[in-house]
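Open the model in your viewer and keep a selection box at hand. The stops below say what to select and what is there.

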There are 2 protein chains.
Amino acid sequence: MNYQKMAENAKAVRTAIATASTNTKNAALLAIRDAMAASRPEILKANQKDVDAGRNSGLDSALLDRLELNDARIDAMIEGVEQIVALPDPVGEVSRMTRRPSGIEVGFMRQPLGVIGIIYESRPNVTIDAAALCLKSGNACVLRGGSEAFHSNQAIAECISAGLKAVGLPEACVQVAPTADRDFVGAMIGGDQPMCDVIIPRGGKGLIERISKDARVPVIKHLDGNCHVYVDSECEQEEALRILENAKTHRYGVCNAAESFLIHEAVAESLLPALEKVLKPYDVEIRGCERVRAIVSSANAATEEDWFEEYLGPIVAIKVVSSVDEAIEHINTFGSHHTDAIVSTNYKTVRHFMRAVDSSSVIANASTRFADGFEYGLGAEIGISTDRIHARGPVGLEGLTNQKWIVFGEGQVRA
Amino acid sequence: MNYQKMAENAKAVRTAIATASTNTKNAALLAIRDAMAASRPEILKANQKDVDAGRNSGLDSALLDRLELNDARIDAMIEGVEQIVALPDPVGEVSRMTRRPSGIEVGFMRQPLGVIGIIYESRPNVTIDAAALCLKSGNACVLRGGSEAFHSNQAIAECISAGLKAVGLPEACVQVAPTADRDFVGAMIGGDQPMCDVIIPRGGKGLIERISKDARVPVIKHLDGNCHVYVDSECEQEEALRILENAKTHRYGVCNAAESFLIHEAVAESLLPALEKVLKPYDVEIRGCERVRAIVSSANAATEEDWFEEYLGPIVAIKVVSSVDEAIEHINTFGSHHTDAIVSTNYKTVRHFMRAVDSSSVIANASTRFADGFEYGLGAEIGISTDRIHARGPVGLEGLTNQKWIVFGEGQVRA
């Protein structure tokens, strides 16, 4: 397998895909959709091979479930492509043009990032989703899914190639790893000439940390989602309970689920017993500070580790705080800068919280579960970034682009 | 020296400086200015120590010149602080708020990056400039200048501390390396708990590559400036010559100086002899392709390395091309994605070039020398980024911030 050649091919098509018209990109996506629909039997057959191998090698049932395709899932993949066709094209947007004293006009034009490498687990649907998002945003991409999905991904890759070819775009715009070898990842992210300009790892924290450590190119990544809800002294108790319940129990295993509640001391006595009752049917374990335990007898003692913890399960850490500033300090210190919410009816308190909390999403009077590309109106999402630079929070098509400066002159030179 | 403590201090003041009002930040900057003015003798004395040591250890004259302070340079540093006071505060800008079907309102709020680490050469003026830019943009910072400027930087650090103290901001908002030890850089960028959230290295390419390689946190950096001017078949020859002359000869050692010219074959015969005449008084060496050498007898032969080269001196590589697309392909392949310009009077050709060239600045009919924070209206510049993510091109106050998502609800939960 000639990785060097793949790297050269990816770089060679950057201009072609970056300058492709919206119509051409949409036509390619629709041709890919058609190829998927036509190749349904081949995709299912390849997937069966992966599923059989996975079952034989003792893959656990959750992983097998994510790996397995069926007609409904292929329908969903096809529908996903159609949704991306319907989204506006971010490339080429011009903004903030101003005229400078020298007479030049200066502003921004939105531009693809280049060659995006996406490394993900054994979920074949990500292959088509990631390819479609990169294509629509004018990026070339190199996709490397988990080795358990190798045959499924190869079958999908053939559909993608066929679609690109049908509209005259170079097939190297989307390159799916042609091998399950581990060293392919190394060629994507490192060496003297990494295959990719930017890497987006998706998957477990261990994978993401390893890739971030080894990558010689920028990484757009998601680490922890240790999300908080702070309930202020001034709040509507019914609303607070509804938001706390939803943030914690709506889905446990997602990054925007709340892991810690911070309750203002003025409402702790009335709110905590009611909250205990709300959480009871869900069997959510409460780990509380001393002041919580004095009110909620069923609460276990929280240790300092609990304030850092992303449980991703039916456990919640609760702390009584004396002020909004204590809550903000707690969130900025122990949180993961992902998504944090306040429940308050006080104008100044809400405004202060929104400014001071240093998280990718800061929410007033709604559930943390809204921190999501679809809920925010991105239409599609490649992931949620917990980085401090480039895109923060849900990353859609725009997060796969950047702004370059453009300058229009009439012969100006520097004096 | 307790680096761990410095890291904790930097993180502990993130919220304080991020939420400081514009008035407070400006008052701190003016107090720092006053302290600098009052400590002029101490700063000059400390600097004299550095200059003497540098001279004794055989520092070359260019480095000594950058290291040396005098009254005029301290005046310039003070004036620089006043200019930053006058700039608008980027923090807190709210944009693109929309209402979603769920009823929540979603948009962006501009937020500081956190703790910015700046690593630079032995230029004491950078200490005050970097501190002022970070402060104004609401970031804490850790500054590590070249060891030859150690005493100068300590004297400036005392003025900064005094200014912060005067307005009640924590002194840890700006921490200047208290040691010239190399391992301090390691503590800023690496280890289990890097001192900084983001690193901006300024200096030679070797330094920047080394830091990028070792950093465990994102790096905003500048590598090469291999800039091009393409002269189209349709152009005004006088204008083309003026821009070529300025882009190459206005200053040789700067990153936005042009290093290669691409000349359309239709104008090569008339333009190249005139260009040779224009460059003659500057003693600029021309390295040309075969077609250039057939017209310009004084041109030396260009090799493939020349197309990659950032000369930073009186040399220019010139190639005759057959189309704007050949020029674009050449720029995107051999260039460094920094700044590239076209000279053309053709509407469609200019538009195509602006879209297709993948550089941080793309310029029509003006000199590449305009790619500069001051010329673009940023008011101040921490550097020019050649990265593909986050800020591209000149980085001012806004490039030291990012956008977080903010959400306003009225009790909404996810269904």
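Which residue of chain B comes closest to the rotation axis? Select His390(B): its C-alpha lies 1.9 Å from that axis. The model is predicted, so local features need pLDDT of at least 70 and side-chain atom pairs count only at pLDDT 80 or more, while totals for chains, interfaces and linings use all residues. Residues are numbered from 1 along each chain as its sequence is written, and chains are lettered from A and ligands numbered from 1 in the order in which they are written.

**The axis.** Chain B superposes on chain A by a rotation of 180° with 0.0 Å of shift along the axis, at RMSD 0.0 Å (a least-squares fit on the C-alpha atoms of residues with pLDDT of at least 70 in both copies). That relation is a two-fold axis. Both copies use the same surface, since 100% of the contact residues of chain B recur in chain A.

**The interface.** Now select the contacts between the chains (C-beta atoms, placed from the backbone, within 7 Å). There are 63 residues of chain B in contact with 63 residues of chain A. Strand 16 of chain B gives the most to this side of chain B, with 11 residues. Helices (H or I, at least four residues) and strands (E, at least two) are DSSP runs numbered from the N terminus.

Next, show strand 13 (residues 361–366) of chain A beside strand 16 of chain B: the two pair in the parallel sense over five bridges (pairing takes at least two DSSP bridges). Within strand 16 of chain B, Phe408(B) is the bridge partner of Ala364(A).

**Helix 11 of chain B.** This helix has 13 residues and reaches 18 Å from first C-alpha to last, close to the 18 Å expected at 1.5 Å a residue (1.5 Å times one less than the number of residues). Its buried residues include Ala240(B), Ile243(B) and Leu244(B). Buried here is 20 or more other C-beta atoms within 10 Å of a residue's own, exposed is 12 or fewer, and partly exposed is in between, with C-beta atoms placed from the backbone.

**Cys141(A).** Leaving aside neighbours within four places in sequence, Cys141(A) is in contact with residues including Val115(A), Ile118(A), Cys134(A) and Val174(A).

**Asp214(B).** Finish in helix 10 (residues 205–214) of chain B, where Asp214(B) sits. Asp214(B) counts as partly exposed because it has 13 C-beta neighbours inside 10 Å. Not counting residues up to four places away in sequence, Asp214(B) touches Ile189(B) and Gly190(B).

Notes
Two residues are in contact if their C-beta atoms, placed from the backbone, lie within 7 Å.
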